[in-house]
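I opened this structure to look up how one strand pairs with others and what lines one of the pockets. My notes follow in the order in which I looked.

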Amino acid sequence: MQDDLNTRFEAACAVAREAGALARQRFLERPRSQQADMKGPQDFLTATDSEVEELIRSRLLALFPQDSFFGEEGGGSFERDVWVVDPIDGTANFARGIPHFAVSIAFLRDERVEIGVVLDVMHDELYTARRGGGATLNGKPIRVSGLANIRQATVEAGWSARLPSEPYLAMVERLKQTGVNVRRGGSGTLGIVYVADGRIDAYCELHINAWDVLAGLLIVEEAGGWTNDFLAGDGLRRGNPVLACTPELVGPVTAATGIGIGKAAA
Ligand code: IPD
């Protein structure tokens, strides 16, 4: 059992690197003025999303033909062993020439994330985690910040057009009232792994999809962080609110965001 997870982990890292090389090449050759396609208001799609997803899908299914695969762009199915993939998280950044986007690959067995791999493509930073095996950045162990003083905290508050603006603005206002610095970088995946290595202290968003967060949430947990129960209900298929933070800030950040209330702090 562990052997096959080891094999999948090694494969996920290699495939993320190959996918990242393709995304990087396309980013560098892409004219800045080129229009992106839109899936909806402020919801970008580039040809590279589908190209990179197809590369990841074909590599993983060639190695593990019995697994299922679900990608942001092409969909798929969720069987007992499933890869859940966002080929480019931060597509709006990619489309506008901002080098802040990531490849995200999660492997789930029986609806539990066992492997999480995230590549910050343009900074060549590979975040990885195996359940029970700790989290690393380019092979070195990482930990959440451990910050306890909310007034010194930096929190990323993600936003999408899937929800109306008012709840987002109200959440940001409540966070500001606690004294935190609120930011938004435009990649939920990278915001979450930034919690894992202590660059920021929390990431929150009122609705996000599974492919954006599953790999990163395991990386945060394995780096000693706290996460809400994202897969509760039908989070895998429908998405959910997400909160990842350093354990010392669970109280104030759950209170300000309203996310994760009801799950006991680890
Ligand atoms: C989006 C980004 C964004 C987050 C949205 C996601 P995409 O994913 O992660 O930061 O706030 O909820 O949909 O479209 O760049 O893959």
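I looked first at strand β3 (residues 68-71), which is joined to β5 by four bridges, the two running parallel; strands here are DSSP E runs of at least two residues, helices H or I runs of at least four, numbered from the N terminus, and two strands pair if DSSP finds at least two bridges between them. In this pairing S68 stands opposite V82 in β5. The model is predicted, so I kept in mind that local features need pLDDT of at least 70 and side-chain atom pairs pLDDT 80 or more, while totals for chains, interfaces and linings use all residues. Residues are numbered from 1 along each chain as its sequence is written, and side-chain values use heavy atoms, with hydrogens and water left out.

I then followed β5 to strand β6 (residues 102-109), where seven bridges join the two and they run antiparallel; here V85 stands opposite I105. Strand β5 (residues 81-89) is mostly covered, with nine of its nine residues buried, that is, under 20% relative accessible area with a 1.4 Å probe, protein chains only.

Next I turned to the second largest pocket, which holds about 190 Å³ of space. Its lining has 13 residues, and V113, R131, E221, F230 and L231 are the closest to its centre. Strand β7 (112-120) and α6 (210-222) are the elements that give two or more residues to this lining, and α6 gives the most, with four. Why does the pocket lie between domain 1 (2-141) and domain 2 (150-257)? I noted that both domains give residues to the lining, so the pocket lies between them.

How values were computed:
Buried < 20%, exposed > 50% of the residue type's maximum accessible area, 1.4 Å probe, protein only. 1 Å grid on protein atoms, 1.4 Å probe; cavity = no way out; pocket = protein on both sides within 12 Å on 5 of 7 lines; lining within 4 Å. Points joined across faces, edges and corners; volume = space filled by probe spheres on them. Domains from an automatic or database assignment.
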